[in-house]
Amino acid sequence: MKFSFSDEQVEFRTALRRFLSDTSPSVEVRRWMETDIGYDADVWRQMSQDLGLTAVHIPESYGGQGFGVSELAIATEEMGRAMLCAPYFASTVLGATAIMKAGSEDQKQTLLPGIAAGEVIATLAFTEEHGRWEAESVAMTAAQEDGKYVLNGTKSFVLDGHSADLVVVVARRPDSVGAEGLSFFTVEGHAAGLDRVLLKSADPTRKLAKLTFSNVEAALLGEAGTAAGPLQDTLDIAAICLANEMVGGAERLFEDAVAYAKMRVQFGRPIASFQSLKHKAAEMLMEVELAKSGAYYAAAAADEGDEDVSALASLVKAAADTYMQTAIHAVQIHGGIGFTWENDTHLWFKRAKSSEVFLGGSDYHRERLMQEWDV
């Protein structure tokens with residue numbers, strides 16, 4: 001099989017990389033990750049209004065650019081490479097995709113244009129305090145009272161949930177179990193009865209929040225009790241995009257580590273000339289290239305509606321462990337300075353660790369992969 005990006009996709013990547021190199025140097029990453037909001041509003045405006053990144057995979061009929069998952073994956077790969085601090089994954093990858101998969105035509109017409117324009121930041125509230133990613137694990141209830149839906153329960157590890165304007169919530173009908181009785185709901189970020197707390201996490205560049213719902217009125221998104229399918233479709237696309245983001249970060253770590261090894265002199269010659277480091281660099285390159293190939297293939301398969309998309313999503317998310325291993329090697333290659341917080345390697349190291357468990361760890365996805373392919 002031969003695979004290559006189109007000329008338009010190559011130009012898109014080139015323009016995006018140039019933009020991110022200007023707007024997301026490590027000094028800016030360190031500045032914004034220390035704030036509660038976590039991103040630069042002016043950069044977000046440029047991303048949404050000037051470049052149209054927040055509208056990449058949203059259909060043109062809903063105010064989007066009308067591209068596919070492949071272009072969305074290119075965007076997340078480059079953002080992972082640059083360690084961009086922005087609510088892009090929460091709003092465009094998770095929030096918008098959930099609405100596209102579950103919403104009615106009228107709801108898409110109403111909700112998606114604002115997200116596409118970057119004027120509304122959305123997110124998906126799915127996981128709860130146990131941190132599990134199976135649909136069966138949802139405990140939050142949605143009961144009908146006087147013709148309205150009321151949510152009660154807690155969602156945790158919600159990406160950018162503390163600042164999102166619109167929260168897409170997964171909840172279940174009281175007394176339902178498993179994948180049955182699950183529905184999507186939308187809640188305004190400042191709704192009465194909604195308490196949002198920013199969590200302290202190992203990766204300050206990726207903001208996570210705990211959301212507590214106490215009799216919060218919500219609007220049903222799509223049809224009641226039918227969320228299991230659209231939820232899985234949303235999480236599959238998110239896993240593919242996260243895998244691409246992870247290979248972007250892994251490639252950046254590899255390139256920086258090799259550049260440092262060529263510069264660092266020990267015993268009168270660059271440490272890159274040592275056989276042990278040559279072996280380590282060769283292993284890193286092989287693993288990164290394999291992970292990239294899988295991530296690209298999965299994104300293309302999603303665009304083509306391949307029946308194995310769910311299995312491929314779990315395959316590439318599990319294989320993206322390469323990010324964590326590359327980060328470990330990169331710290332080792334940098335030697336003593338690599339263990340200091342002042343060295344930028346740690347920014348990607350912490351992102352690698354958080355990405356390893358976000359959307360489900362490798363054990364979860366390997367188990368799911370075997371179930372999908374009936375191994």
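Biologist: How many bridges join E6 to E7, and do they run parallel or antiparallel?

Modeller: Five bridges join E6 to E7, and the two strands run antiparallel. Keep in mind that this is a predicted model. One pair to look up is Leu198, whose bridge partner in E7 is Ala209.

Biologist: How many bridges join E3 to E7?

Modeller: Nine bridges join E3 to E7, and the pairing is antiparallel. Val158 has Ala209 in E7 as its bridge partner. Ala209 is also the E7 partner of Leu198. Put the two pairs together: Ala209 is bridged to Val158 and to Leu198.

Biologist: Which strand does E5 join, and by how many bridges?

Modeller: E5 covers residues 182–188 and is joined to E7 by three bridges, again antiparallel. Here, find Phe184, which stands opposite Leu221 in E7.

Biologist: Now the charged pairs. How many salt bridges does the count come to?

Modeller: The count comes to 22 salt bridges. The rule asks for a side-chain nitrogen of Lys or Arg within 4 Å of a carboxyl oxygen of Asp or Glu. Arg17 and Glu78 form one of them, with the closest N and O atoms 2.9 Å apart. That pair links distant parts of the chain, since Arg17 sits in helix H1 (residues 7–23) and Glu78 in helix H4 (residues 69–82), 61 residues apart.

Biologist: Is Glu78 buried or exposed?

Modeller: Glu78 is buried, at a relative accessible area of 2%. Arg17 is partly exposed, at 32%. The cut-off for buried is under 20%.

Biologist: What does Lys155 pair with?

Modeller: Lys155 forms a salt bridge with Glu128, and the closest N and O atoms are 3.0 Å apart. Lys155 belongs to strand E3 (residues 148–159), while Glu128 is in the loop between strand E1 (122–125) and strand E2 (141–145), so the salt bridge ties together parts 27 residues apart in sequence. Check burial for each partner. Lys155 has 0% relative accessibility and counts as buried. Glu128 is buried too, with a relative accessible area of 6%.

Biologist: Which side chain does Arg351 meet in a salt bridge?

Modeller: Arg351 meets Asp203, at 3.0 Å from N to O. Why does this pair tie together parts 148 residues apart in sequence? Because Arg351 lies in helix H11 (residues 345–357) and Asp203 in the loop between strand E6 (194–198) and strand E7 (208–221). Arg351 counts as buried at 4% relative accessibility, and Asp203 is buried at 3%. Elsewhere, salt bridges that share partners join Arg81, Glu251, Glu255, Glu289 and Lys292 into one network.

Biologist: Next, empty space. How many cavities of 30 Å³ or more does the structure hold?

Modeller: Start with the idea. Rolling a probe the size of a water molecule over the atoms shows where empty space is left. In this structure there are five cavities of 30 Å³ or more. The largest has a volume of about 180 Å³.

Biologist: Which residues are closest to the centre of the largest cavity?

Modeller: They are Leu84, Ala86, Tyr88, Arg206 and Arg351, out of 18 lining residues. Arg351 is the residue that meets Asp203 in a salt bridge. H4 and helix H5 (88–102) each supply at least two residues of the lining.

Biologist: How do the lining residues of the largest cavity divide into nonpolar, polar and charged?

Modeller: The lining has 10 nonpolar, three polar and five charged residues.

Biologist: Last, contacts. What does Glu356 touch, leaving aside its neighbours within four places in sequence?

Modeller: Glu356 is in contact with Met246, Lys317, Asp321, Met324, Gly361 and Ser362. Glu356 is found in helix H11. With a relative accessible area of 18%, Glu356 is buried, because the cut-off is under 20%.

Biologist: And where does Thr322 lie?

Modeller: Thr322 lies in helix H10 (residues 322–334). Thr322 is buried, with a relative accessible area of 10%. Beyond residues up to four places away in sequence, Thr322 touches Glu287, Val288 and Ala291. Now set Thr322 against Ser362. They are 40 residues apart along the chain, and their C-alpha atoms are separated by 11 Å. Ser362 is also one of the contacts of Glu356.

Definitions and conventions:
Residues numbered from 1 in each chain as written. Predicted model: local features only at pLDDT ≥ 70, side-chain atom pairs only at ≥ 80, totals over all residues. Heavy atoms only, no water. Helix = DSSP H or I, 4+ residues; strand = E, 2+ residues; numbered from the N terminus. Buried < 20%, exposed > 50% of the residue type's maximum accessible area, 1.4 Å probe, protein only. 1 Å grid on protein atoms, 1.4 Å probe; cavity = no way out; pocket = protein on both sides within 12 Å on 5 of 7 lines; lining within 4 Å. Points joined across faces, edges and corners; volume = space filled by probe spheres on them. Nonpolar A, V, L, I, M, F, W, Y, C, P; charged D, E, K, R; others polar. Pairing = 2+ DSSP bridges. Contact = heavy atoms within 4.5 Å.
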